[in-house]
Amino acid sequence: MNDDSISSALAKGTVGTLSQQEELPLLRDHLLRLDRTSRHDRFHGFIDDNFIRRYAERCANDGTVIIAYFEDGVVRGAAELHPPEQSPDAQPEIAFSVERSMRRKGVGSILFRKLIAEAHAKGYTNLRITTGAQNDAMRALATKFGAQLTFRHGESTGSIDLSEHGQAEPVPTPAMVTPVEAARAIVDMNRAYWRMVMQMSGWGRAA
């Protein structure tokens, strides 16, 4: 896991990109912790535990990049960058989820900035985001980062032009994480135990 410390008046934790070995259990357990409403917003109504387990397994094997927000070694928020080959129009798609206890602390913005930087590094020029019509927080966050959203079939779908972001604003990193701190975080994550779906059997798209 690539790890960065976060300094914020609200969010106190680390942000890191999960390795494939970490990805399945950490993403899965985070998604399973989402409350019913958050699951509905994230997956457009798909809230069954088995569905989420299959989704996490798919993400761990299809090249999806997972950027995670940790507190006390536990993933409390995740930004997903799905590869363009998973999309019918060859456009990379993004999705976000933040546990209720971490809402209104700037976690979504932190993850969004980090994800845009990752997309720049991969040479992507546009990103697609799809979210439920009732997911006001996600729509507001997407609009904040330049998404032009349109409403259809109960969803808000939009595109983010990365050329308008330049090299995205980095997440603040006031101090480098030492090897000991990184090792401790990995141990904590292993103790906690732990990528597009909906393209499995035509279930839909990520929110």
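How many of the 207 residues of the chain count as buried? The share is 49%, where buried means under 20% relative accessible area, exposed means over 50% and partly exposed lies in between, with a 1.4 Å probe and protein chains only. Some notes to get you started follow.

1. Ground rules. This is a predicted model, in which local features need pLDDT of at least 70, side-chain atom pairs count only at pLDDT 80 or more, and totals for chains, interfaces and linings use all residues. Numbering starts from 1 along each chain as its sequence is written, and side-chain values use heavy atoms, with hydrogens and water left out.

2. Layout. The chain has six helices and eight strands; these are DSSP runs numbered from the N terminus, with H or I over at least four residues for a helix and E over at least two for a strand. Read from the N terminus, the order is β-β-α-α-α-β-β-β-α-β-α-β-β-α.

3. Surface. About 9900 Å² of the chain is exposed, and carbon and sulfur atoms supply 50% of that. The areas come from the Shrake-Rupley method with a 1.4 Å probe, and for residues only the protein chains shown count as cover.

4. Helix H1. This helix covers residues 20-33, and its 14 residues at 1.5 Å each should span 20 Å, which agrees with the 20 Å between its end C-alpha atoms. The expected span is 1.5 Å times one less than the number of residues. Buried residues in H1 include Pro25, Leu26, Leu27 and Leu31, and charged ones such as Glu22, Glu23, Arg28 and Asp29 are buried there too.

5. The largest pocket. Its volume is about 610 Å³, and 25 residues line it, with Val98, Arg103, Asn135, Ala137 and Met138 nearest its centre. Helix H2 (36-43), strand S5 (93-98), helix H4 (107-121) and helix H5 (136-144) each give two or more residues to the lining. By class, the lining has nine nonpolar, nine polar and seven charged residues. Here a pocket is an open set of points on a 1 Å grid over the protein atoms alone, where a 1.4 Å probe fits, with protein on both sides within 12 Å along at least five of seven lines; lining residues have an atom within 4 Å of a point.

6. Aromatic pairs. The whole structure holds three of them; ring centres must lie within 6.5 Å, and planes under 30 degrees apart count as stacked, over 60 as edge-to-face and the rest as tilted. Phe43 and Tyr55 are edge-to-face, at 5.1 Å centre to centre and 75° between the planes. Phe43 is in helix H2 and Tyr55 in helix H3 (residues 49-61), so this pair ties together parts twelve residues apart in sequence. Both residues are buried, and ring pairs link Phe43, Phe51 and Tyr55 into a cluster.

7. A stacked pair. Phe96 and Phe112 sit 4.5 Å centre to centre, with 20° between the planes. Phe96 belongs to strand S5 and Phe112 to helix H4, so the pair ties together parts 16 residues apart in sequence. Phe96 counts as buried at 7% relative accessibility, and Phe112 is buried at 0%.

8. Two loop residues to look at. Most residues other than glycine have a negative phi. Asp72, in the loop between strand S3 (65-71) and S4, has a positive phi of about 55° and is exposed at 73% relative accessibility. Arg104, in the loop between S5 and H4, has a positive phi near 60° and is exposed at 83%.

Definitions and conventions:
Points joined across faces, edges and corners; volume = space filled by probe spheres on them. Phe/Tyr/Trp six-rings, centres within 6.5 Å; stacked < 30°, edge-to-face > 60°.
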